[in-house]
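Trainee: Got a minute to walk through a model with me? I'd like to go through the sheets, the core and the aromatic rings.

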Amino acid sequence: MSRGDARSIRAGRRTVEIQRPGKVLFPGGGGAKEYTKGDLADYYRSVAPYLLPHLRGRPLMLERYPDGLGGQRFMQKNTPDHYPEWITRAQVAKEGGTVTHVVCDDTATLLYLADQACLTLHRWLSRTDRAGGPGHPDRLVFDLDPPAVPEGPGGTPGDDFAAVREAAAWLRELLDELGLPTAPMTTGSRGLHLVVPLDGRHDFDEVRAFAHDVAGFAAARHPDRLTTAARKRDRGDRLYLDVQRNAYAQTAVAPYAVRASRGAPVAVPLTWEQVDDPGVDARRWTLSDAVGQARTDPWAGVLSRGRSLKRPRSRLAALRG
């Protein structure tokens, strides 16, 4: 790719300038491919039709690396004053004040964020443009965090993804018993997220309490393999069922977001058949091939109707006796 000073990309009615498109954001070496800012912009433009439905209306936390992976990391919540006025903003309450987040509603915003070296988009589980507002999530997320295993080939962290696959099957079985659909997604890091669509009628406290009870019940069914212990020293070699993202102002990595790791792995929605595939792990897809996976529409119809937790809570209570 040319390492020119700027490149213009048309996105709808707008033209976005990508400054220094040849700047390396993901260094190569050790078997990993090199990717530039221009590559990141091209990926986000291509994946936009599949990514934007998961971002619209949601406050974002932006994970930025202006000097690439080897430089300083910025976790940005507040929107800088110099961002273009056409970028949507959402002002949400925090303790002692407010925060004005970026909301990514269109491809032009996505490209602008790529120009800002925003590698990863972390989204709220609620929307500001729906009834109930940011205090009422329409997504519930279970984060399946595997126990670490010795470092793998090429110096990459080793993860027991077989344990993730096993835990996902158990949790899916339980959620099926409760009448809740589940959409699996690689995190692009170590584990899986299981996403449950909600109708937005419950606040974050209710949703988090329900998620905690479900995880606790799953761990009680499989005490030697699963845990809800927040402290790593208390987990042993058990897989951690993390529900902490289901709280106000917490975020989860967005589907099809690039992760800030060597090789540019991507968080990718899966079918349940792919979860069962031993050739799939958390880093299976990268910036080079994630668009192809997106085109298969792995979550077709799964998230189309949000569910109430009223009946699932009753069913869980019956199971717990």
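**Strands, core and rings**

Mentor: Let's start with β13 and β14, which are antiparallel and joined by four bridges. Strands here are DSSP runs of E with at least two residues, helices are runs of H or I with at least four, and both are numbered from the N terminus. Two strands pair if DSSP finds at least two bridges between them. This is a predicted model, where local features need pLDDT of at least 70 and side-chain atom pairs count only at pLDDT 80 or more, while totals for chains, interfaces and linings use all residues. Residues are numbered from 1 along each chain as its sequence is written, and side-chain values use heavy atoms, leaving out hydrogens and water.

Trainee: OK, what do β13 and β14 form, and how many residues sit between them?

Mentor: A hairpin, with five residues in between. In its turn, G188 has a positive phi of about 75°. Across the pair, T186 stands opposite L192 in β14.

Trainee: And which sheet do those strands belong to, in what order?

Mentor: An open one of five strands, ordered β13-β14-β10-β16-β15, with mixed pairing. β13 (183–186) and β15 (226–227) are at the edges with a single partner strand each, so each has one side left without a neighbour in the sheet.

Trainee: What packs on that sheet?

Mentor: Helix α4 (residues 204–221), which touches β10, β15 and β16. Touching, or contact, means heavy atoms within 4.5 Å. The direction of α4 makes about 35° with that of β10; axes are lines fitted to C-alpha atoms, for helices over the stretch in contact, and angles run from 0 to 180 degrees between N-to-C directions.

Trainee: How many bridges does β10 make to β14, and how many to β16?

Mentor: Six to β14, running antiparallel, with F142 opposite L194. Between β10 (residues 139–145) and β16 (residues 239–242) there are three, also in the antiparallel sense, and D145 has Y240 as its bridge partner in β16.

Trainee: Is β14 buried or exposed?

Mentor: Six of the six residues in β14 (residues 192–197) are buried, so the strand is largely enclosed by the rest of the structure. L192, L194 and V196 cover one side, H193, V195 and P197 the other, and all of these are buried. Buried means under 20% relative accessible area, exposed over 50%, and partly exposed in between, using a 1.4 Å probe and protein chains only.

Trainee: Switching sheets: what's the order in the four-strand one?

Mentor: β6-β5-β9-β17, an open sheet with antiparallel pairing. β6 (74–76) and β17 have a single partner strand each, so at these edges one side is left without a neighbour in the sheet. On average, neighbouring strands there are turned by 30° against each other, direction ignored. Five bridges join β5 (residues 60–64) to β9, and E63 has T120 as its bridge partner in β9.

Trainee: How many residues are in the largest nonpolar core?

Mentor: It has 93, and Y43, Y44, L121, F142 and L144 have the most contacts inside it. Such a core is a set of buried Ala, Val, Leu, Ile, Met, Phe, Trp, Tyr and Cys residues joined through side-chain atoms within 4.5 Å. Beyond four places in sequence, Y44 is in contact with residues including L51, L110, L121 and Y256.

Trainee: Now the rings. How many aromatic pairs are there?

Mentor: Six. Rings of Phe, Tyr and Trp (its six-membered ring) pair if their centres lie within 6.5 Å; planes under 30 degrees apart count as stacked, over 60 as edge-to-face, the rest as tilted. The centres of F26 and Y35 are 6.2 Å apart with planes at 90°, so that pair is edge-to-face. F26 is buried at 0% relative accessible area, and Y35 is buried at 4%.

Trainee: What about W124 and Y248?

Mentor: Their ring centres are 5.1 Å apart and the planes are at 80°, so this pair is edge-to-face. W124 is in β9 (residues 118–124) and Y248 in the loop between β16 and β17 (251–253), 124 residues apart. W124 is buried at 2%, whereas Y248 is partly exposed at 34%.

Trainee: Which ring does R235 lie over?

Mentor: The face of Y240, at 3.8 Å from the ring centre. The rule is NZ of Lys or CZ of Arg within 6 Å of the ring centre and within 35 degrees of the ring normal.
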